[in-house]
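Biologist: I have not met this chain before, and I would like to go through it with you step by step. Could you take my questions in order?

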Amino acid sequence: MTPVLVTGALGQVGSELVPALRSRYGVDQVLATDLLSGAPDHPSLGGPFEQLDCTDGVALRGVLERYRIKAIYHLAAILSARAEAEPQLAWRVNMEGLYNVLEAARQVGAQVFVPSSIAAFGPSTPHDPTPQDTIQRPNTLYGVTKVAGELLCDYYAQRFGLDVRGLRYPGLVSYTAPPGGGTTDYAVEIFHHALIKGQYTCFLGPDTRLPLMYMPDAIRATLELMQADPAKLRHRNAFNIAAFSSTPAELAAEIQKHRPDFKVFYAVDPVRQAIAESWPHTLDDSAAREEWGWRPQFDLRGMTQDMLEKLSARILQREA
Ligand code: NAD
Ligand code: AKB
């Protein structure tokens, strides 16, 4: 079996990808790493873990050699809203971190997974649906690093033959770990507030439409892409993947079908609203469907029902 390394393993995606990789490849075969140390009961800490700053290329290379790593899932990043507040940090983590990962992978011959985002598109991109190959002129620092990252991954694939693959994740909704400072965080927060407080004040306007996806679909997409036949991958990096699109008002209405007393208010944050308005409403994911058989399993209804069930159970467990 191939030893696997995950960077940024304590974040929203890593908290679910690490356990999924461990159940597929074996606990000891998956090394979780993060800048932070994490609480002892964190889902990524049930196996090998090392504190690792992805901006430290020497340390990264040392870990790859020590564990004889053959595949890297590079999740460490600064997300959209935090990147607007700390652009210099975001550039360092998102670009230098990625460069270090690609260089180290090239040197040891590892396969790499690098997530991009709907943030790789901008105001001049067609929004409905956003094609796989289209105008990419984002006006956020996060988006700039995502486009540059996509191009850098393509370069490493073409120039060095590195097996680097990637997906443009939509806004991800999950219950295991909180989101890390993005614009789509409202779609996670709203569930916690619905169950704990019975009301939520949303920082995006009620009609702001964005592509969303439930985490189990995103994890499955990640694993499927990494195992796809390389001969069939024409795009390889930065595949659009879609599940459903929603506005805050539509998501709230879906939650209200289960919790009729749930109330939603709006206090628009202009920074995050502007970011959201520059992003796609819907995505054309036909390349992913054709090249490696992508199909989502959760729509808005299915996700909402599952989120409410799973999150209620976790809250009850915490309170017991
Ligand atoms: P997150 O913010 O929840 O987690 C990122 C992790 O990276 C954190 O645990 C953080 O401690 C760690 N980190 C930060 N700086 C680091 C450094 N210098 N070295 C090592 N680790 C560092 O993010 P996420 O939601 O898990 O996102 C994972 C990837 O997926 C990112 O590339 C992100 O852009 C992409 N993505 C996420 C979403 C989403 O909705 N969550 C959507 C689109 C794309
Ligand atoms: C964010 O909102 O920054 C992320 C993303 C869509 O990349 N969730």
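Biologist: Which residues does the domain assignment of the chain give to domain 1 and which to domain 2?

Modeller: Please keep in mind that this is a predicted model. The domain assignment builds domain 1 from 4-170 + 214-240, and the remaining segments that it lists, 171-213 + 244-281 + 298-319, make up domain 2.

Biologist: How many residues does each domain bring to the contact between them?

Modeller: The C-alpha centres of domain 1 and domain 2 are 24 Å apart. The contact itself takes 28 residues from domain 1, while from domain 2 it takes 31 residues.

Biologist: What area is buried between domain 1 and domain 2, and which three residues of domain 1 supply more of its share than any other three?

Modeller: The area buried between the two domains is about 2500 Å², and carbon and sulfur atoms give 65% of that area. On the side of domain 1, 35% of the area buried against domain 2 is supplied by three residues, more than by any other three, and these are Gln12, Pro170 and Tyr214.

Biologist: How many residue pairs are in polar contact across the interface of domain 1 and domain 2?

Modeller: Salt bridges do not contribute here, as the count between domain 1 and domain 2 is zero. For polar contacts, with both residues at pLDDT 80 or more, the number of residue pairs found across the interface is 14.

Biologist: Which helices each supply at least two residues of the side of domain 1 that touches domain 2?

Modeller: The residues on that side of domain 1 divide into 14 nonpolar, nine polar and five charged. The helices that each supply at least two of the residues touching domain 2 are H1 (14-25), H3 (80-85) and H7 (215-227).

Biologist: Which residue forms a salt bridge with glutamate 224?

Modeller: In general, side chains of opposite charge can pair when their charged atoms come close. The structure holds 14 salt bridges. Glutamate 224 and its partner both lie in helix H7, four residues apart, which is about one turn of the helix. The closest N and O atoms of this pair are 3.0 Å apart, and the partner is arginine 220.

Biologist: Where is proline 129 placed?

Modeller: The peptide bond that leads from aspartate 128 to proline 129 is cis, with omega near -5°. Proline 129 has its place in the loop between strand S6 (116-117) and helix H5 (141-160).

Biologist: What radius of gyration does the chain have?

Modeller: Along the principal axes, the C-alpha atoms fill a box of roughly 55 × 50 × 40 Å. A compact globule of 320 residues would have a radius of gyration near 20 Å, and the chain agrees with this, having 19 Å.

Methods
Residues are numbered from 1 along each chain as its sequence is written. Chains are lettered from A and ligands numbered from 1 in the order in which they are written. This is a predicted model: local features need pLDDT of at least 70, side-chain atom pairs count only at pLDDT 80 or more; totals for chains, interfaces and linings use all residues. Side-chain values use heavy atoms; hydrogens and water are left out. Domain bounds come from an automatic or database domain assignment. Contact means heavy atoms within 4.5 Å. Buried area is the accessible area (1.4 Å probe) that two parts lose on being put together, summed over both. A salt bridge is a side-chain nitrogen of Lys or Arg within 4 Å of a carboxyl oxygen of Asp or Glu. A polar contact is a pair of N or O atoms within 3.5 Å; within protein, one must be able to donate a hydrogen and the other to accept it, and residues adjacent in sequence count only if both atoms are side-chain atoms. Ala, Val, Leu, Ile, Met, Phe, Trp, Tyr, Cys and Pro count as nonpolar, Asp, Glu, Lys and Arg as charged, and the others, Gly among them, as polar. The radius of gyration is taken over C-alpha atoms; the globule rule is 2.2 Å times the number of residues to the power 0.38.
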